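Me: I would like a close look at the charged pairs in this protein, and at one of them in particular. Please take me through it step by step.

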Amino acid sequence: MSSSSATPGRGEKAEAGAAKPPMREALVAAAFQLFLERGYEQTTVDDIVTLAGVGRRSFFRYFPSKEDVVFPDHERCLADMTAFLAASGEEQEQKQEHEPVRRVCDAARLVLRMYAENPTFSVQRYRLTKQVPGLRAYELSVVWRYERALAEYLRRRFSGRRDGTLQADVIAAAVVAAHNNALRSWLRSDGQGDASAEVDHALGYVQSAFGVTSPPRPADEPAEEPGEDVVVVVSRRGAPLWRVVQEIETTLGRD
């Protein structure tokens, strides 16, 4: 999100004056303009509302704290992800037409789409977050909520598996780690290159490592024993038993 906007032409002035940006977006724009000019710590909520031309009450109507204005879109994205996973469970749980690991990878791509909608703003936020320890802690709490949403979905899908909860938590953590690794690489490049390709590559690694292609085994079903050799011995009729046993032992390679 840029701190400045293009100047409208003569014929566009009336329309631009009437079409003011929504208050929420105006607050975010004002906040980041001040963060870039003064620094995060030196900017107060009063500074933000003054620049945006609104009152303090309007700010707190949209953002519980100054930290929240740095991450204005994560709540919406988390809601979209939760709805996406819930729709999967309701519509396809019985059909088993999709594979759960692929589904959570697709859900993670919603986060990438949010970042890619406005690369300039995303890069500015990435740089700001690196500089402010409090924002890094806030970001970690946001990432944890994404991971919990993915894990809860997988726990429901893996409820009949042995170690289903363990598998769900490990896979959710892997999806988030792979997604964030590719996303941060893209942000470090100032939003250049194909972010989707990078994330697809990273999530493809997770799918190849954890993807499930066979139905889960019920938790109460005993594990299969290792396969045993089957030996067929042909012996003449009337041969003594000790000779038959000797031939079997020889075939098995026993002394």
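Reply: Asp200 counts as partly exposed because its relative accessibility is 38%, which lies between the 20% and 50% cut-offs. This, like everything below, is read from a predicted model. Asp200 forms a salt bridge with Arg109, and the closest N and O atoms are 2.8 Å apart. Arg109 lies in helix H7 (residues 100-116) and Asp200 in helix H11 (residues 195-210), so the pair ties together parts that are 91 residues apart in sequence. Arg109 is partly exposed as well, with a relative accessible area of 24%. As for the general idea, side chains of opposite charge can pair when their charged atoms come close.

The count of salt bridges comes to 13. One of them joins Glu152 to Arg155, with the closest N and O atoms 3.9 Å apart. Glu152 and Arg155 are three residues apart in helix H9 (residues 133-157), so about one helical turn separates them. Glu152 is partly exposed at 37% relative accessibility, and Arg155 is partly exposed with a relative accessible area of 30%.

Arg155 also forms a salt bridge with Asp169, where the closest N and O atoms are 2.8 Å apart. That pair links distant parts of the chain, since Asp169 is in helix H10 and Arg155 in helix H9, 14 residues apart. Salt bridges with shared partners join Glu147, Arg148, Glu152, Arg155 and Asp169 into one network. Within this network, Asp169 is partly exposed, with a relative accessible area of 22%.

Helix H10 (residues 164-188) also holds Leu166. Leu166 counts as exposed because its relative accessibility is 53%. Together with Val170 and Phe210, Leu166 makes a nonpolar surface patch of about 250 Å².

Ser122, in helix H8 (residues 119-131), offers a contrast to look at. Ser122 counts as buried because its relative accessibility is 2%. Its side chain reaches the backbone oxygen of Tyr115 at 2.7 Å. Leaving aside residues up to four places away in sequence, Ser122 touches Tyr115 and Leu187.

For the wider setting, the protein chain has twelve helices and zero strands. Of its 255 residues, 34% count as buried. Among contacts with a separation of 6 or more, 68% are between residues 24 or more positions apart. The count of disulfides is zero. Among the cysteines, Cys77 is buried with a relative accessible area of 2%, and Cys105 is buried at 0% relative accessibility.

Key:
Residues are numbered from 1 along each chain as its sequence is written. This is a predicted model: local features need pLDDT of at least 70, side-chain atom pairs count only at pLDDT 80 or more; totals for chains, interfaces and linings use all residues. Side-chain values use heavy atoms; hydrogens and water are left out. Helices (H or I, at least four residues) and strands (E, at least two) are DSSP runs, numbered from the N terminus. Buried means under 20% relative accessible area, exposed over 50%, partly exposed in between (1.4 Å probe, protein chains only). A polar contact is a pair of N or O atoms within 3.5 Å; within protein, one must be able to donate a hydrogen and the other to accept it, and residues adjacent in sequence count only if both atoms are side-chain atoms. Contact means heavy atoms within 4.5 Å. Patches are made of residues with over 30% relative accessible area and no salt bridge: like charges are joined within 9 Å, nonpolar side chains (Val, Leu, Ile, Met, Phe, Trp, Tyr) within 5 Å. Accessible areas come from the Shrake-Rupley method with a 1.4 Å probe; for residues, only the protein chains shown count as cover. A salt bridge is a side-chain nitrogen of Lys or Arg within 4 Å of a carboxyl oxygen of Asp or Glu. A disulfide is a pair of cysteine sulfur atoms within 2.5 Å.
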